[in-house]
Amino acid sequence: MGRTKNIKKSLGQAPGTIVYTGTKENTELFIDVFDYDKQFFEEKELDVIEDTFKYIDSAPITWININGLNHVDAIAKIGEYCRLHPLILEDIANTHQRPKLDEYEDYLFVVLKMLHYGSEEQLHIEHVSFVLGNGFVLSFQEADGDVFDPVRNRLRNTKGRIRANGADYLLYALMDAVVDNYFTLIEKVGDKIEALEDSLFENGSADDITYEIQHFKKEILKIRRAVSPLREVVSRIEKSDHKFISEKTQLYLRDLYDHIIQVSENIDIYREMIWGLMDIYLTTISNKMNEVMKVLTIIASIFIPLTFLAGIYGMNFENMPELRFRYGYFVLWGIMVTIFVGLIYYFKRKKWL
Amino acid sequence: MGRTKNIKKSLGQAPGTIVYTGTKENTELFIDVFDYDKQFFEEKELDVIEDTFKYIDSAPITWININGLNHVDAIAKIGEYCRLHPLILEDIANTHQRPKLDEYEDYLFVVLKMLHYGSEEQLHIEHVSFVLGNGFVLSFQEADGDVFDPVRNRLRNTKGRIRANGADYLLYALMDAVVDNYFTLIEKVGDKIEALEDSLFENGSADDITYEIQHFKKEILKIRRAVSPLREVVSRIEKSDHKFISEKTQLYLRDLYDHIIQVSENIDIYREMIWGLMDIYLTTISNKMNEVMKVLTIIASIFIPLTFLAGIYGMNFENMPELRFRYGYFVLWGIMVTIFVGLIYYFKRKKWL
Amino acid sequence: MGRTKNIKKSLGQAPGTIVYTGTKENTELFIDVFDYDKQFFEEKELDVIEDTFKYIDSAPITWININGLNHVDAIAKIGEYCRLHPLILEDIANTHQRPKLDEYEDYLFVVLKMLHYGSEEQLHIEHVSFVLGNGFVLSFQEADGDVFDPVRNRLRNTKGRIRANGADYLLYALMDAVVDNYFTLIEKVGDKIEALEDSLFENGSADDITYEIQHFKKEILKIRRAVSPLREVVSRIEKSDHKFISEKTQLYLRDLYDHIIQVSENIDIYREMIWGLMDIYLTTISNKMNEVMKVLTIIASIFIPLTFLAGIYGMNFENMPELRFRYGYFVLWGIMVTIFVGLIYYFKRKKWL
Amino acid sequence: MGRTKNIKKSLGQAPGTIVYTGTKENTELFIDVFDYDKQFFEEKELDVIEDTFKYIDSAPITWININGLNHVDAIAKIGEYCRLHPLILEDIANTHQRPKLDEYEDYLFVVLKMLHYGSEEQLHIEHVSFVLGNGFVLSFQEADGDVFDPVRNRLRNTKGRIRANGADYLLYALMDAVVDNYFTLIEKVGDKIEALEDSLFENGSADDITYEIQHFKKEILKIRRAVSPLREVVSRIEKSDHKFISEKTQLYLRDLYDHIIQVSENIDIYREMIWGLMDIYLTTISNKMNEVMKVLTIIASIFIPLTFLAGIYGMNFENMPELRFRYGYFVLWGIMVTIFVGLIYYFKRKKWL
Amino acid sequence: MGRTKNIKKSLGQAPGTIVYTGTKENTELFIDVFDYDKQFFEEKELDVIEDTFKYIDSAPITWININGLNHVDAIAKIGEYCRLHPLILEDIANTHQRPKLDEYEDYLFVVLKMLHYGSEEQLHIEHVSFVLGNGFVLSFQEADGDVFDPVRNRLRNTKGRIRANGADYLLYALMDAVVDNYFTLIEKVGDKIEALEDSLFENGSADDITYEIQHFKKEILKIRRAVSPLREVVSRIEKSDHKFISEKTQLYLRDLYDHIIQVSENIDIYREMIWGLMDIYLTTISNKMNEVMKVLTIIASIFIPLTFLAGIYGMNFENMPELRFRYGYFVLWGIMVTIFVGLIYYFKRKKWL
């Protein structure tokens, strides 16, 4: 879970109050705008939220990407301009909101989670939300750095299919970019789990392996929580008869749905593998203890009887005839070696050696 | 479970008999009334249940909050005045009733559970029920002390959205306050589980850890039992076409539903974590036993053979040539040290040291 | 499970053959009749099944309770008189029949299980079936002794709601009495499980604890098997549009459904607790073994090296200078005490002591 | 599973090819025919498949029972005569086909599994298929020996309900006979599991208990695989509006469905019990190891220190004052007995003795 | 999982881009064409994709089988000719695509997985996709070597049912060939698991058994992932009212669906068996440790007390009367033998020997 402090910072606030619940409180507001249709293309970076309004109204398709959820006033302004419901605005800023779809008459609202591993191999979850309106898409991100560059490049390219399609296709392309990124992530998780598994089979001595397994469990749970609600979201958009979703785009959404199922299946398989690892680890521990016990048993079983024999002839009875035999000492050695060899053979046959 | 004495005190009673099944039998009756609309606002504290009737009938929206479920006669009176079904009245006083929604033609009846940690870190579950009638909301609580203060403050504030909406919005706001509180609770549970987990990884010596894990299991089960029926309750209100639920409020209820799902997901994750803790603990025990066994095995494996050797030369055979060698004793010491060092090296290589 | 001999005594019989499959083969036939409406009330005990027929036909509502399923001829006679389907009659006498509802045009047939603990703390399951016809309810029980006394008392009371309602309400009241009794049972089970749990945490030495846990598992499975089909039964009656079920009674059936869900939830929680107990027990065993191992290791690790030292100076080499040192013996004691104290300190630091 | 060789012998064959996939390749063809209605009754044994055709066409109801699935040509001939679909014929001979229902316009096709324990307590699964046509039922079995004798006897009896009903009732009666037999089987399984459980609790020394548990697990899985698809089959026939299924028979099918549910429930309970047995066995092993460890620890903890003391006074230092004390030896014995008694007391208090 | 590198090579590509994601990058393009109807039959091998176009348009039914998904240009060309949707073409080349069905107005698109064991007992998963158009079927495979030879032989045979049916039947026949092959695979898996189980019960010493169990778990997961989506695929084709699927073929598809269920059930059973193996293995380890402990305990418990006795009489007290007894030594031997025999008897009675 990581420390889940601030699950809902807005506790006690009236519903619809816009409160940023993330940790990147000092992010600067950063807006970039793509205005395009089949022929036309314009790309701009803006600082002031009000400057985006004219693009929204203009005829070509517009994508406005806003970084910096801490700037709740900017969110409020564009929300007001587009007449978004207060609850939508709350959810845009509420980074704890799970993936969801809200259908309103004049727009669709989609919440996703962007997942990536940070520099220290730590899983980062970024809150992304989209508003699909009449001829425009708004996207809201917590901070700079996203997975939308392939989409940007395809937009810049006149011949791309994306330029020939509507805003609904743009929304699809952005969601597809997010899901595509899940595959990279999943692959990384898979590699790590297999590395852990290999290390378990090879030396079986990973000291903090319980810790790592528990850590992976949590990571898989986190990823699953981010991915699994998406199935319903995409399935609902695909089946929705909302006026903004064209039949053509629905085919692509169906494909996206397929990809999400594929990610989910992989997550489930990794889950089973991690659970299996714990079992393997327990077996490994038991096997090691068995080995330790065998060493102890072999040593003790051989030398305790021999020591007993030596003890016998260390006694000080006055009348101990063997002590006076000429080769008594050597005969005893012979007996001891015989016992020793016999026990070794016995343990060999028991496969303990 | 805690001691579940008195699961249903009314056993054998005719259905519809009002019996208080909780433990706070000496609570005083305490009634507070909010009467408001966009312009008008009045807040009153009353002692006599009959005094509330005029507010119910008056035009503005009325919220009557009644503390003290042990005052079954008061419940009966207001129930009769509002023509509530006897089964409803039974459920208001029956603190074992699970969360539910009952739709009647002239009112909606909702049962919730308020959860909070008491002073001794013990989970308390409070039974709360709401009746939404024509322009009024009745709320019934076991005792003083609730989570509705944010709602009260918003009511006192002329500009709040709550003042501009109907009684259905008030019902939503009260339910939202209850659910908001779940987040605080869940966060606390999460912190405690993680603290337990950390202590398990760090020293691994929590003596009563099995007890604590079992305790958390029960607590999670209790919370889940209080929260999970809520999903259906809210979903059904949202989809209901009851005359008292406006379309506008349904949007808010959808949002509330989202929050409940979020709480449920968190509960499920904590559940998995606690179950995982038991596994980790078992592994920890096994690892410790391994360590103990290793110490025993190393000590025994080194000294038992050496003792045997010493035993040999403690024998009293008359004919033991070694005993008479000049440096026999020192040679034996040499052999012993060699065995000692060899075994140490062997155990080092086996990674037991 | 108990010995499930005679799961279906009627094997090989034609369907519809009435065969009593229980064990109380010598029960005497015992019939009691309640004939009532708002004003009128009569209570009778009869010996001959034919005497009940006139009550069935008479105008007031009639409840005929028949004890003694072994009297298959009586069942056949009343079945013929009421024109019940042969399969119904088979199910009345077949004590292995699970709870169910059969809707026929002219009557409803309900099978329930009455659960109670016998004198030797053994779970008893009694087969009860009801036929709701036009203005009458037939109830069939294996033997004397049931949970319907509260209903009988309410019937005797002129003012009770039950007197003002129809036969469908009577059926509800009887089913409610059965379900009410589940709460008592569940509470008892809960108490026993918690007692077991406490004894596990306190001394952890319950010798036959595995046996008790397995015993509880079976008991819970039995109870669940008796209770869980009831959910569907009651839900189906409540939603049924059968001519004999009035809308008013449906409200009460909804309430009954709620109670059954509550019982089911409690059963599920107890189930999880019992499963958890097994885990706790395993951990307890492992912890004890750890403790045993520690004692062994401490004793052996301290005295084996010391014994070795003693063994050294018990050797009979002619040339062992230490033996001739004046204070050799005392110096050796000093060394031994040092080793002893050092090891004690070492084990203290390892928290083994 | 048993050796699942030949899961599908017809691999690579065109669909609809009739291939017998069982092991009883040398069974002789055996046909018996029952031709009956309320008044008329004829029972015949035939050798040639063509002789059955006239019965099929004749007015009274006909049951043709064919033993010997290896006679694929006979199956083909009667299939052609009754115009059965090639896939049906394939499924009749394919003993690996799971239970199913196929509805065609002119007939119903049902596949069941007959289960019984052989002489060596081994579970046998027999493939049975039924075709319900217009006024006739065909049944196909692998070999002689079935569970239909009660049905045959009822057919021979003029007064039986079966004679007064149509071919659909006959199909029901045959299926009921198969399901009735499941009860006998289930009872046997239950007895065996309880015997295993008892032996586990009593001496806990069943050497091959793991093997037996795994064996039961497989047996239960096999039975479940044979029984559980039947639920859907019967439920679908009951709800089917096929022209050959009368409303009257549907009531009986509902009853049959009930019985299958009952069998399924019992299977599930036995399953849980077997899984529980494995846990109990593990606990038993751990408990035994604990006991072994205790014996070792007690013996070692008592005698190792005493041996040390004896070792001390076996040393050969010249200056060891105690050795010369008059009662040194006896004092030492006193000390040793004290230590011995003290340790025994210590272990008694620890409940190890 | 195997190394899941390249889960989705096309990451960042526009949707609909054809990218081969498999590993057989150097496969040569290989096309074989079957053109047939009831009378006519032609079989050809082609090198150039454009040569296939005339067959597609020609009247008889055409099956074009294309090996070599790395030739994305050929896929693009035939896709363009048949007007396939770009997403279809992407999925044909994307070997990570899970089994699915896409229905378009003018064609059906089906993705399957062909499973077989390679020479080194390694599971291979081959990606196969089918396009059913108006009178033709296209099949796309990664490389040479498939399971379609039985279908080819039946096509070459004038009298086969396949020649008398349409392209939909051909699609069915190809899918059936793939599923038939699953049976072979499943049988092999079953044999391997049972071999592992037997080896576990017999010697219980498989060193890398944990590794093998984990390996099987993964293999079963892989197979399940390939097979289980097929259920929905076939069920949807069967229920589809697509113009290309005739009612006659639907009967065969229903049969195919049955087979897939059968495969799924077998997979589930093998899964449970593998999970069970891990439990058995753990029990085996525990049992072995028990055995080791017993040997140690018996040896130590017998000889430690005896050694103590020997130690006693090895002491050098001046006043030890026993030492001077004439038969002291022999009496002591008697005592020792008695102790020895007594302990052996004790361990025999405890069933440790």
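**Exercise 1. The contact between chains B and C**

How many residues does the contact take from chain B, and how many from chain C? Then describe the side that chain B contributes.

*Solution.* The model is a predicted one.

Step 1. Chain B puts 46 residues into the contact and chain C puts in 51 residues.

Step 2. On the side of chain B that touches chain C, at least two residues come from each of helix 6 (209-239), helix 7 (247-312), helix 8 (321-324) and helix 9 (328-349) of chain B. Helix 7 of chain B gives the most, with 18 residues.

Step 3. Sorted by character, the residues on this side of chain B are 26 nonpolar, 12 polar and eight charged.

**Exercise 2. Relating chain B to chain A**

State which turn and shift lay chain B on chain A, and identify the symmetry.

*Solution.*

Step 1. Two copies of a chain are related by a rotation about an axis and a shift along it.

Step 2. Here a turn of 72 degrees with a shift of 0.0 Å along the axis lays chain B on chain A, with an RMSD of 0.1 Å. This is the relation of a five-fold axis.

Step 3. Gly314(B) has the C-alpha nearest the axis in chain B, 4.6 Å from it.

Step 4. The surfaces used by the copies are different: of the contact residues of chain B, 18% recur in chain A.

**Exercise 3. The two sides of helix 2 of chain D**

Assign the buried and exposed residues of helix 2 (residues 72-81) of chain D to its sides, and find what the buried residues pack against.

*Solution.*

Step 1. Ile75(D), Ile78(D) and Gly79(D) are buried in this helix. Viewed down the axis of helix 2 of chain D, the buried residues fall within an arc of 105 degrees, so they line one face of the helix.

Step 2. An α-helix has 3.6 residues a turn, so residues three or four places apart point the same way.

Step 3. Asp73(D) and Glu80(D) are exposed on the other side of helix 2 of chain D.

Step 4. The packing partners of the buried residues are helix 3 (86-93) and strand 7 (136-141) of chain D.

Step 5. After helix 2 of chain D comes Arg83(D), with a positive phi near 60 degrees.

**Exercise 4. Domains and core**

Give the domains of chain A and their separation, then examine the largest nonpolar core.

*Solution.*

Step 1. The domain assignment of chain A lists domain 1 (30-283) and domain 2 (290-349). Their centres, taken over C-alpha atoms, are separated by 74 Å.

Step 2. The largest nonpolar core has 540 residues, and Val137(A) and Leu174(A) have the most contacts inside it.

Step 3. Leaving out residues up to four places away in sequence, Val137(A) touches several residues, including Trp63(A), Phe130(A), Leu170(A) and Leu174(A).

Methods. Residues numbered from 1 in each chain as written. Chains lettered and ligands numbered in written order. Predicted model: local features only at pLDDT ≥ 70, side-chain atom pairs only at ≥ 80, totals over all residues. Buried ≥ 20, exposed ≤ 12 C-beta atoms within 10 Å, placed from the backbone. Helix = DSSP H or I, 4+ residues; strand = E, 2+ residues; numbered from the N terminus. Arc of directions from axis to C-beta. Contact = placed C-beta atoms within 7 Å. Least-squares fit on C-alpha atoms with pLDDT ≥ 70 in both. Domains from an automatic or database assignment. Core = buried A, V, L, I, M, F, W, Y, C linked by C-beta atoms within 7 Å. Nonpolar A, V, L, I, M, F, W, Y, C, P; charged D, E, K, R; others polar.
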